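Me: Please take a close look at one helix in this model and the core around it. I would like the buried and exposed sides set out residue by residue, with the surroundings described afterwards.

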Amino acid sequence: MWIFLAIVILIAFIIIISNIAVVQQSRAYVIERLGAFQTVWGVGLHFKVPFIDRIARRVSLKEQVLDYPPQPVITKDNVTMQIDTVVYFQITDPKLYAYGVEQPMAAMETLTATTLRNIIGDLELDQTLTSRDVVNTKMRAILDEATDPWGIKVNRVELKNILPPSDIQSSMEKQMKAERDRRQAILQAEGQKKSAILIAEGEKESAILRADAEKQAAILKAEAEKQAAILKADGEAQAIRAVQQALADSLELLNQKAPNDQVIKLKAIEAMQKVADGKATKIIIPSEMQGLVGLANGITEGIKQ
């Protein structure tokens with residue numbers, strides 16, 4: 001009897017322990033009672049009714065990543081490319097996630113592939129290669145709206161790789177090489193143009209500086225010649241003033257001595273001699289001086305003998 005009771009107590013204890021659940025952070029449990037949805041357990045300790053309640057689904061509330069393999073996609077200009085997509089999503093409603101759609105991950109993969117084909121089908125090859133941000137934004141908006149009834153929120157969608165056919169890649173590489181060569185030629189021409197402009201500007205500035213230097217030199221030379229002429233004229237003027245002053249002084253001394261008529265006449269003869277030394281061909285001698293001239297000539301001849 002005691003053994004049977006102990007066994008019953010042990011079985012009851014095991015049943016109680018097995019029906020206690022601890023929900024961890026960032027997780028949620030969907031609970032069904034007799035096959036119908038009952039509640040959603042959040043973080044903490046919970047107890048379910050044995051044989052009546054069951055955990056229908058354990059859901060992670062963290063952001064998750066789905067990396068889909070490359071999908072063949074045809075562009076508007078009939079180019080087939082391989083594009084692989086990465087989807088970042090998060091479960092926001094465990095109940096909708098559990099009952100909204102069968103196999104939510106497979107449904108998201110199929111929806112992502114069809115959405116990608118629809119968007120790329122409206123774009124040409126060049127637009128597809130240069131409009132990743134536009135494609136990502138459109139896909140995120142469409143997937144987020146479509147998965148909202150499933151309790152899923154799509155946060156981001158990224159086109160991981162876009163692989164055109166090999167012949168298209170070869171043509172693109174040739175086009176890029178031609179474009180790089182063109183840019184290089186343009187840059188080289190621009191450099192030569194700027195170099196020629198700089199050389200011309202340098203020669204222009206050099207010519208201007210030379211002309212200015214020659215102008216300054218001519219101005220300085222003219223100024224020096226002007227100063228020399230002024231100094232020469234000033235010297236000659238000073239010499240003339242000195243001679244005139246000496247003559248004036250001699251006349252003043254002569255006047256102070258009160259010379260007689262004979263001395264004055266002799267001075268006149270000296271002045272006449274100076275006049276005779278010039279280029280004059282005829283000299284008129286006053287009559288009152290003729291006697292003195294004869295006397296002076298006689299004296300001069302006597303001295304010579």
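Reply: What follows starts with helix H5, goes on to the core and strand E8, and ends with other parts of the chain.

The model is predicted, so side-chain atom pairs count only at pLDDT 80 or more. Helix H5 covers residues 132-147. With 16 residues at 1.5 Å each, H5 should span 22 Å, and its end C-alpha atoms are 22 Å apart, so the two values agree.

Which residues of H5 are buried? They are Val135, Asn136, Met139, Leu143, Asp144 and Thr147. Viewed down the axis of H5, the buried residues fall within an arc of 150°, and therefore they line one face of the helix. An α-helix has 3.6 residues a turn, so residues three or four places apart point the same way. The other side of H5 carries exposed residues: Asp133, Thr137 and Glu145. The cover over the buried residues of H5 includes strand E8, helix H3 and strand E9.

Two residues of H5 also stand out in the largest nonpolar core. That core has 30 residues, and those touching the most other members are Ile83, Met108, Leu116, Val135 and Met139. Two or more residues come from each of strand E8 (80-91), helix H2 (94-99), helix H3 (104-120), helix H5 (132-147) and strand E9 (152-163). A second, separate core has 6 residues, among them Ala21, Tyr29, Ile31 and Ile55. In soluble globular proteins, nonpolar side chains tend to be buried together.

Strand E8 can be followed through two of its residues. Outside its neighbours within four places in sequence, Ile83 is in contact with Pro69, Pro70, Gln71, Val73, Leu116, Ile120, Leu159, Asn161 and Ile162. Thr85 is also in strand E8. Its relative accessibility is 2%, and because buried means under 20%, Thr85 counts as buried. Not counting residues up to four places away in sequence, Thr85 touches Met139 of the helix discussed above, along with Leu66, Asp67, Tyr68, Thr112, Leu116, Val157, Glu158 and Leu159.

Elsewhere, Arg27 is placed in strand E2 (residues 27-33). Arg27 has a relative accessible area of 27% and is partly exposed. Beyond its neighbours within four places in sequence, Arg27 is in contact with Trp41, Arg58, Val59, Ser60 and Leu61. Of these, Val59 is 32 residues from Arg27 in sequence, with 5.7 Å between their C-alpha atoms.

A search of the whole structure gives 1 aromatic pair. The ring centres of Phe37 and Tyr99 are 5.9 Å apart and the ring planes lie at 80°, so the pair is edge-to-face. The pair links distant parts of the chain, with Phe37 in strand E3 (residues 36-41) and Tyr99 in helix H2, 62 residues apart. Phe37 is partly exposed at a relative accessible area of 30%, and Tyr99 is partly exposed at 41% relative accessibility.

For the protein as a whole, there are 8 helices and 9 strands. Of its 305 residues, 20% are buried. Among contacts with a separation of 6 or more, 63% are between residues 24 or more positions apart. The exposed area is about 22,000 Å², and carbon and sulfur atoms supply 58% of it.

Note on methods. Residues numbered from 1 in each chain as written. Predicted model: local features only at pLDDT ≥ 70, side-chain atom pairs only at ≥ 80, totals over all residues. Heavy atoms only, no water. Core = buried A, V, L, I, M, F, W, Y, C linked by side-chain atoms within 4.5 Å. Buried < 20%, exposed > 50% of the residue type's maximum accessible area, 1.4 Å probe, protein only. Helix = DSSP H or I, 4+ residues; strand = E, 2+ residues; numbered from the N terminus. Contact = heavy atoms within 4.5 Å. Expected span 1.5 Å × (residues − 1). Arc of directions from axis to C-beta. Areas by Shrake-Rupley, 256 points an atom, 1.4 Å probe, with all protein chains shown as cover. Phe/Tyr/Trp six-rings, centres within 6.5 Å; stacked < 30°, edge-to-face > 60°.
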